[in-house]
There are 2 protein chains.
Amino acid sequence: MNMSRTEERSRERLVVVGGDAAGMSAASQARRLRGPDELEIVAFERGHFTSFSACGIPYWVGGDVPERDRLIARSPEEHRARDIDLRMRTEVVEIDVEGARVRARDLASGAESWTAYDKLVIATGARPIRPDLPGVDAPGVHGVQTLDDGQALLDTLTATEGRIDSAAQRRAVVVGAGYIGVEMAEALINRGYEVTVVNRGKEPMSTLDPDMGRLVHKAMEGLGITMVDDAEVTALRTGDDGRVRAVATEEAEYPADVVVLGIGVRPETDLAKAAGLPLGDHGGLLTDLSMRVRGHENIWAGGDCVEVLDLVSGRQRHIPLGTHANKHGQTIGANIGGGYATFPGVVGTAVSKVCDLEIARTGLREKDADRAGLQYVTVTIESTSRAGYYPGAALMTVKMLAERRTGRLLGVQIVGREGAGKRVDIAAVALTAGMTVEQMTALDLGYAPPFSPVWDPILVAARKAVAAVRSGA
Amino acid sequence: MNMSRTEERSRERLVVVGGDAAGMSAASQARRLRGPDELEIVAFERGHFTSFSACGIPYWVGGDVPERDRLIARSPEEHRARDIDLRMRTEVVEIDVEGARVRARDLASGAESWTAYDKLVIATGARPIRPDLPGVDAPGVHGVQTLDDGQALLDTLTATEGRIDSAAQRRAVVVGAGYIGVEMAEALINRGYEVTVVNRGKEPMSTLDPDMGRLVHKAMEGLGITMVDDAEVTALRTGDDGRVRAVATEEAEYPADVVVLGIGVRPETDLAKAAGLPLGDHGGLLTDLSMRVRGHENIWAGGDCVEVLDLVSGRQRHIPLGTHANKHGQTIGANIGGGYATFPGVVGTAVSKVCDLEIARTGLREKDADRAGLQYVTVTIESTSRAGYYPGAALMTVKMLAERRTGRLLGVQIVGREGAGKRVDIAAVALTAGMTVEQMTALDLGYAPPFSPVWDPILVAARKAVAAVRSGA
């Protein structure tokens, strides 16, 4: 008995709230560094799945990914095989910071119990913004945040395809024109729908400056998508069968057999807030660079529920993205496992596509730079993804922001076709390194006619930015 | 008269030797900054063309680029329209440094004359290494350095195709397995030839470490190319008609209807050497960072005839590549034009492809690091170009070198398929910025399933390199 009690005390317990990318990466990394005799790991997940790729849902719905399970990086069984006590369909409903324990509810039975922790990881993710509109809960209206959401949408598509004879009549409306919105537009095009995207902003992709968003607008129209900008949805109209039949704005109604909500997400931090943990202006948890919740020695947080440091503006941002969540998890797991790691911050890189249209951005938009108190020049250039004479050379537009006087790179936005999007990585590394556009003009980038013009489009933009900085007062 | 003489004296003369990328970029940039009333520009080119893309020749020969003129960025007429006195088919045969003049020969008439300069740009390029072998001048043996070379090769291919009935019998041997060799292998495959690549090195692509070269070997074999490594060519055998009919090595003979020499190039610096200008260990002109020839106030040099500083090893290298030549030209032109620019050096980035195989490298190979006195760890990882579940996700292998102790990135080599090659730019920028592999693991790179796994392959390699550096003594 004494032996056992001593063993109990020498063994720490890590509790993880949320079984997706950040939480399970943290658990796995901690396990890699500390065996089950040293560290007990208990993880709670309220859903049906662990470690799945939410970013992959549009491609599953669109048919590029044939089955749901391809999106699951690691199943509950695989986690359990690594000595993680994973409790599925179990929702943590309270964090008692003072008592160092969490209260969890088994969603099937409703039974609740407390679990003590030595170390806690909060990885509760984000929840989709669901507008408070008439008809928003009608059948045929779908979010695309979870695998269950994806399956429900696929079921609706199948039912709709059965219900309507002519393929030409199937209509889908996507509400929102950010990453999820434009990716879902592609998915529904691939499913043979006539697609309308209804968007509140002046242009789609508000993560770009409006002039670049305009290029996305035009290109999406070129793909046969009806783009409705500057439009506030006022209601989702339903038919006699109760199913959605149209999306109404102040000015018009857009018939719809299916509606996808892609308006964005907010940090899922109700639990953290109730526990008195520090939240930022965007509603996300605030951590230090080791991903430890500020002011709390034994609590870490990562993934879509936290705010991160924008290295270019010096401000906190909320950027829900799987690649960050994985890095957060690794960082947390390393620190809990007795190692040392930090997540220094982001530069705000993102890439997406709609059919063959590629869209990418990193760093600051004009309004971000304004907010950060930075003065800047902007240049926009057109170039091609390959040497102009090489087959498949496709036009791309690159916009670049550089700080006035210093010439420090502040941001890059790209709209183009094949080969355009991932070029943003060049700028992402240059931003991280604090390079000036003048320094960038000398970058030794890969050149061969099938891969790039002799001056890579990023270098063409940098050269023009140098001239703009020089001629600026 | 007096007026005129004063005007003459106030107008400087720039003489440019060599009318390709470096020379004509320098001339154009200088002209942009100083009008014809201030600066007279005389440029000599011994060939038939200006400003052409030698890198594009394999794609023209292979049929991807339909016509020769697509490879010409700017014609002699276009240069002349910008007030550049361009003298084609005129070879500079002597540089008189003390007298500040060059002697040029009109190749048609043989007439020679001296031209004085105030400023001189040497951009004489490189010349292909042509081995001193029996039969090397036989019809059917081709280099691929100039547009004339390309046309001659195309003429041979057309003649061969007419001469031989069955397509299956057409055979090509490429001597050399560097960039030109492998690109010509693709071109000849595209033309329907059975292709054999005979290569002196232990593996193809000696700009990679042998373990990565091995992957290229295997992949090229997978494309149906016969790869003969570790083989010294001893003779080119000719038939009764005097045409080449086989390539002989010490061990074997490889039948050939056409032979392409892709052995590499050397700086074309005979003129510079005769003039007493400083040459480096690789035979290239030595310049300072403004591309001014060392010790010569009024002479600049750029392009394939110069050596450049390798920023990673700190040593001089000879890297003939159009993208560098253009940067050199810009730098020289800016300085001659009264501006200020430097070419800080290279990190040794290169990318190439053979059909759908992509090959890229930047920084140091193992033997480069050894020579530079650096100790290092190496890691090699396999990952995919897209999320594993996304269609078209293709395997790629990334090798990474990091300095022992400091963890500074030293080099990256990539062999893969679509989407692999240009990822080398991430490493090229990180090398330029002097990043450690630990810093690289936090890079905010573009992520979406069609573009990358959640951990970009470069990040996967960086993470493994961090572990290797840590575990190293």
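**Chat: the A–B interface and helix α7**

Q: How many residues of chain A are in contact with chain B?
A: 50 residues of chain A are in contact with 50 residues of chain B, contact being C-beta atoms, placed from the backbone, within 7 Å. This is a predicted model: local features need pLDDT of at least 70, side-chain atom pairs pLDDT 80 or more, while totals for chains, interfaces and linings use all residues. Residues are numbered from 1 along each chain as its sequence is written, and chains are lettered from A in the order written.

Q: Which element gives the most to chain A's side?
A: That's α11(A), with seven residues. The elements giving two or more are α9 (322-336), β21 (350-354) and α11 (424-432) of chain A. Helices (H or I, at least four residues) and strands (E, at least two) are DSSP runs, numbered from the N terminus.

Q: And how are the two copies related?
A: A turn of 180° with a shift of 0.0 Å along the axis lays chain A on chain B, RMSD 0.0 Å, fitted by least squares on C-alpha atoms of residues with pLDDT of at least 70 in both. The copies are thus related as by a two-fold rotation axis. The same surface serves both, as 100% of chain A's contact residues recur in chain B.

Q: Switching to α7(A), what do its end C-alpha atoms span?
A: They're 18 Å apart, which agrees with the 18 Å expected for 13 residues (210-222), taking 1.5 Å times one less than the residue count.

Q: What comes just after α7(A)?
A: G224(A), with a positive phi of about 90°.

Notes
Contact = placed C-beta atoms within 7 Å.
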